[in-house]
Amino acid sequence: KNASYDWNALRDCVHISTRFLDNVIEANRYPLPEIERMCKANRKIGLGIMGFADALFRLGIAYNSDAGIAFGEQVMKFINDESHNASEKLAHERGVFPNWKGSIWDTRYNRPMRNSATTTVAPTGTISIIANCSGGIEPLFSLAFVRQVLDGQKLIEINPYFEQVAKERGFYRQDLMEKLAEEGSLAHIEGIPEDIRNIFVCAHDIAPSWHVRMQAAFQKHCDSSISKKINL
């Protein structure tokens with residue numbers, strides 16, 4: 001099945017999220033007046049990303065490939081640009097952040113902005129579990145794992161996109177899924193088509209240089225810090 005990326009839906013989501021995060025600055029309860037003053041003077045927000053590895057699976061793009069790096073940069077540039085557009089729109093509605101005068105938005109870009117920074121890449125550890133998607137910009141740690149449930153039963157949990165492809169391509173077998181749960185990765189499992197092995201890579205299948213290149217691609221278009229594991 002051919003998947004495609006819905007850029008218009010992403011634009012809508014970025015604009016709504018930017019407005020929501022700007023509202024959070026007002027709704028927040030701050031532990032100290034100094035922190036409140038600083039937060040409200042710069043109005044930094046941290047719009048991030050998750051589900052990136054899942055998107056690559058759906059699109060049939062390998063994480064450790066030039067196409068994977070290019071797609072990562074395209075996604076982050078789009079989110080960054082649209083978040084800045086949303087912040088500029090908010091500045092016309094609500095006013096610029098108080099420290100705007102003399103900031104680079106004033107001196108270098110001559111652009112009214114509601115927020116001094118809008119984007120970041122957080123690890124999204126817990127919220128990506130709630131959303132049932134891959135965390136941050138990380139590849140999956142494992143395609144399958146064993147979950148221990150209360151009565152001592154062991155349940156094998158498999159990445160739904162891999163499971164779907166395995167069934168569609170006719171190589172889904174229970175013993176293969178059990179072996180995958182032990183190994184975590186397809187690297188040493190026989191009977192997997194080469195194109196599937198290349199697309200469904202996990203963190204430890206990926207050479208450190210590709211991890212660094214992916215971080216660099218996202219860093220080009222991000223206002224604040226980036227969370228990225230470099231597996232050695």
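**Exercise 1.** In this predicted model, find the residue with which Lys228 forms a salt bridge, and work out which parts of the chain the pair ties together.

*Solution.* Begin with the atoms: Lys228 forms a salt bridge with Glu138, and the closest N and O atoms of the two are 2.9 Å apart. Next, place both residues along the chain: Lys228 lies in the segment after α10, while Glu138 belongs to the loop between α6 (125–130) and β1 (144–148), so the pair ties together parts that are 90 residues apart in sequence. Finally, consider the surroundings: both Lys228 and Glu138 are buried, a term that requires a relative accessible area under 20%.

**Exercise 2.** Starting from Gln215, determine in which helix it lies and which residues it is in contact with, leaving aside its neighbours within four places in sequence.

*Solution.* The first step is to locate Gln215, which lies in helix α10 (residues 208–219). The second step looks at its side chain, which makes a polar contact of 2.7 Å with the side chain of Gln219. The third step leaves aside the neighbours within four places in sequence, and the contacts of Gln215 are then Ile226, Lys228 and Ile230. Lys228 was met in the previous exercise as the salt-bridge partner of Glu138.

**Exercise 3.** Compare the places and the exposure of the two partners in the salt bridge between Asp66 and Arg213.

*Solution.* The closest N and O atoms of Asp66 and Arg213 are 2.9 Å apart. This pair links distant parts of the chain, with Asp66 in helix α4 (residues 66–94) and Arg213 in helix α10, 147 residues apart. For the exposure, take each partner in turn: Asp66 has a relative accessible area of 51% and is exposed, since exposed means over 50%, whereas Arg213, at 38% relative accessibility, counts as partly exposed.

**Exercise 4.** Describe helix α7 by identifying its buried residues, explaining how they are arranged around the axis, and naming the elements they pack against.

*Solution.* Within α7, which covers residues 160–169, the residues Phe162, Val165 and Ala166 are buried. When the helix is seen down its axis, these buried residues fall within an arc of 100°, so they line one face of the helix. A general rule helps here: an α-helix has 3.6 residues a turn, so residues three or four places apart point the same way. The buried residues of α7 pack against β2 (154–158), α8 (174–183) and α9 (194–199).

Two further steps deal with the ends of the helix. At the start of α7, a side-chain oxygen of Asn159 reaches to within 3.1 Å of the backbone nitrogen of Tyr161, and just after α7, Gly170 takes a positive phi of about 80°.

The last step concerns a salt bridge in this helix, in which the side chains of Lys167 and Glu163 meet at 3.4 Å, N to O. Because Lys167 and Glu163 are four residues apart in α7, they are separated by about one helical turn. Glu163 is partly exposed, with a relative accessible area of 22%.

**Exercise 5.** For Asn110 and Asn132, state the sign of phi, the place in the chain and the exposure.

*Solution.* Asn110 has a positive phi of about 50° although it is not a glycine, and Asn110 is found in the loop between α5 (104–107) and α6. At 61% relative accessibility, Asn110 counts as exposed. Turning to Asn132, its phi is also positive, near 60°, and its place is in the loop between α6 and β1. Asn132 counts as exposed, at 63% relative accessibility.

Note on methods
Residues are numbered from 1 along each chain as its sequence is written. This is a predicted model: local features need pLDDT of at least 70, side-chain atom pairs count only at pLDDT 80 or more; totals for chains, interfaces and linings use all residues. Side-chain values use heavy atoms; hydrogens and water are left out. Buried means under 20% relative accessible area, exposed over 50%, partly exposed in between (1.4 Å probe, protein chains only). Helices (H or I, at least four residues) and strands (E, at least two) are DSSP runs, numbered from the N terminus. The arc is that of the directions from the helix axis to the C-beta atoms. Contact means heavy atoms within 4.5 Å. A polar contact is a pair of N or O atoms within 3.5 Å; within protein, one must be able to donate a hydrogen and the other to accept it, and residues adjacent in sequence count only if both atoms are side-chain atoms. A salt bridge is a side-chain nitrogen of Lys or Arg within 4 Å of a carboxyl oxygen of Asp or Glu.
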